[in-house]
Amino acid sequence: MTALNAVSSKTDLKNTRVLIIDDQEPNRKLLAALVTSMGVGFIEHAKDGVEGLAKVESFKPDLILLDIMMPNMDGFEMCRLLRKNPEWRDMPVLVNTALSEPRERVECFEAGATDMVVKPINAPEVLARVRIHLENRLLVGTLRQYHERVAQELAMASQMQRSLLPDPTWLATLPATLGLTVESRFETSSELGGDFWHLRSLEDGRLGLVLADFSGHGISAALNAFRLHTLFDQHPPGLDPAKWMAELNNALKPLLPVGQFATVLYAIFDMKNNRIDYAAGGAPSPILMMPGQEPVLMDASGIFLGAMLDADYENMSIDFPEGAQILLYSDALTEDLDKDELMLEESGLMELAKASQGEAMPLEYLMSRFESRFPPPWTDDLTAIWIRHSGRKNA
């Protein structure tokens with residue numbers, strides 16, 4: 001087996017394109033014959049750098065075989081101009097030159113050459129180097145296409161996940177209809193996340209809120225959030241928080257991969273009786289801010305959703321009079337690390353909430369303070385919901 005045959009027994013190169021730039025026609029013909037012998041499907045020629053740059057735009061090669069010493073525009077100048085165009089910054093340029101001094105070789109690479117072969121032409125070496133760079137080019141192209149496709153699919157999935165969140169237009173009506181002002185923030189640590197929150201109108205002037213945080217991050221956690229949302233059609237949130245969570249838990253548990261679960265809190269805002277009825281499963285403790293009182297942490301302990309079958313949950317109630325405010329959140333707010341590797345923790349979040357409760361947009365103010373110490377991107381998905389009993393109900 002010849003060296004030529006050895007290098008031609010690998011990747012199919014029939015769809016690749018090679019541009020040969022050399023002022024000597026015999027050299028162009030020789031290189032074209034070599035490249036053709038290895039199966040390259042498309043070959044174009046140019047006599048100098050000026051013509052070469054024009055051919056790059058029209059021919060769009062996968063590799064350039066470039067001579068250095070040419071009239072009008074030499075290989076150095078052409079290579080420098082080529083690399084200024086972002087579209088061609090990564091294209092392999094194989095310099096074919098009689099220059100042999102180390103300084104001259106360095107100048108070739110500084111101009112933007114990818115690799116080099118020295119004249120007189122050594123056919124096996126030229127074929128081997130051309131094949132390596134074309135195969136790398138094909139591989140990079142394949143990876144780039146795969147990355148672009150995955151990015152598009154993740155962007156669509158992210159849009160779908162955000163579509164599950166409450167409609168901002170509807171949230172804007174709640175101050176007038178229920179006397180509740182709702183601010184929220186939802187950020188995933190990657191394209192997709194395992195946080196989920198949901199609001200639903202219930203009978204007799206009540207509003208149901210579900211906040212869940214699935215274990216893990218990324219696609220697997222997001223799939224669990226989609227599973228949970230799907231179950232809402234079969235098991236719509238009801239007026240008994242503990243009973244509904246127990247039913248939801250038994251429906252969700254068989255759908256989750258082993259070892260996956262969610263912290264969860266289901267709260268019903270009863271605006272006729274100025275009260276919140278709720279049940280929880282290991283959720284971060286909401287912060288309740290009553291008028292004229294210090295913020296307090298609510299009990300949100302309980303069994304994680306999906307951790308085990310036949311889990312029992314407890315109903316709890318708190319007063320929520322006009323002027324009261326509540327902050328519900330996922331644990332990214334308390335467990336993310338600052339530059340000194342320190343967490344905010346519940347005590348720090350309570351201080352931030354206390355400092356924010358008098359602001360017109362308290363959550364926006366709290367997050368600006370939070371981000372000054374814990375700038376994104378965060379290592380965990382983040383959800384924060386601030387609800388205020390604004391007492392402006394029209395009904």
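Colleague: How do the residues lining the largest cavity divide by class?

Modeller: Five are nonpolar, two polar and one charged. Bear in mind that this is a predicted model.

Colleague: OK, noted. Which residues line the largest cavity?

Modeller: The lining is made up of Leu 211, Ala 212, Asp 213, Thr 263, Ala 283, Pro 284, Tyr 329 and Ser 330.

Colleague: And which element gives the most to that lining?

Modeller: That's S8, with three residues.

Colleague: What volume are we talking about for the largest cavity?

Modeller: About 40 Å³. Searching the whole structure turns up one cavity of 30 Å³ or more.

Colleague: Switching to pockets, how much space lies in the largest one?

Modeller: The largest pocket holds about 290 Å³. Its lining has 14 residues, and those nearest the centre are Arg 137, Leu 138, Val 140, Gly 141 and Arg 144.

Colleague: How does the pocket lining split by class?

Modeller: For the largest pocket you get four nonpolar, six polar and four charged residues.

Colleague: Back to S8 for a sec. What joins S8 to S9?

Modeller: Nine bridges do, between S8 (residues 206-214) and S9 (residues 262-270), and the two strands run antiparallel. To pick one pair, Arg 206 has Asp 270 in S9 as its bridge partner.

Colleague: What's the strand order in the sheet of five strands?

Modeller: The order is S7-S8-S9-S10-S13, in an open sheet with antiparallel pairing. S7 (195-202) and S13 (316-319) are the edge strands, each pairing on one side only.

Colleague: By how much are neighbouring strands of that sheet turned against each other?

Modeller: On average by 20°, direction ignored.

Colleague: Which strands does helix H10 lie across?

Modeller: H10 (residues 241-252) lies across S8, S9 and S10 (275-281). Relative to S10, the helix runs at about 30°.

Colleague: Now helices against helices. At what angle do H4 and H5 pack?

Modeller: About 25°, with the axes of H4 (residues 75-84) and H5 (residues 102-111) 8 Å apart. Angles under 35 degrees count as roughly parallel, so H4 and H5 are roughly parallel to each other.

Colleague: Which residues make that contact?

Modeller: From H4 there are Phe 76, Cys 79, Arg 80 and Arg 83, and from H5 there are Glu 104, Glu 107, Cys 108 and Ala 111.

Colleague: And the class breakdown for H4 with H5?

Modeller: Four nonpolar and four charged residues, with no polar ones.

Notes:
Residues numbered from 1 in each chain as written. Predicted model: local features only at pLDDT ≥ 70, side-chain atom pairs only at ≥ 80, totals over all residues. Heavy atoms only, no water. Axes fitted to C-alpha atoms, helices over the stretch in contact; angles between N-to-C directions. Helix = DSSP H or I, 4+ residues; strand = E, 2+ residues; numbered from the N terminus. Parallel < 35°, antiparallel > 145°, perpendicular 65-115°, else oblique. Contact = heavy atoms within 4.5 Å. Nonpolar A, V, L, I, M, F, W, Y, C, P; charged D, E, K, R; others polar. Pairing = 2+ DSSP bridges. 1 Å grid on protein atoms, 1.4 Å probe; cavity = no way out; pocket = protein on both sides within 12 Å on 5 of 7 lines; lining within 4 Å. Points joined across faces, edges and corners; volume = space filled by probe spheres on them.
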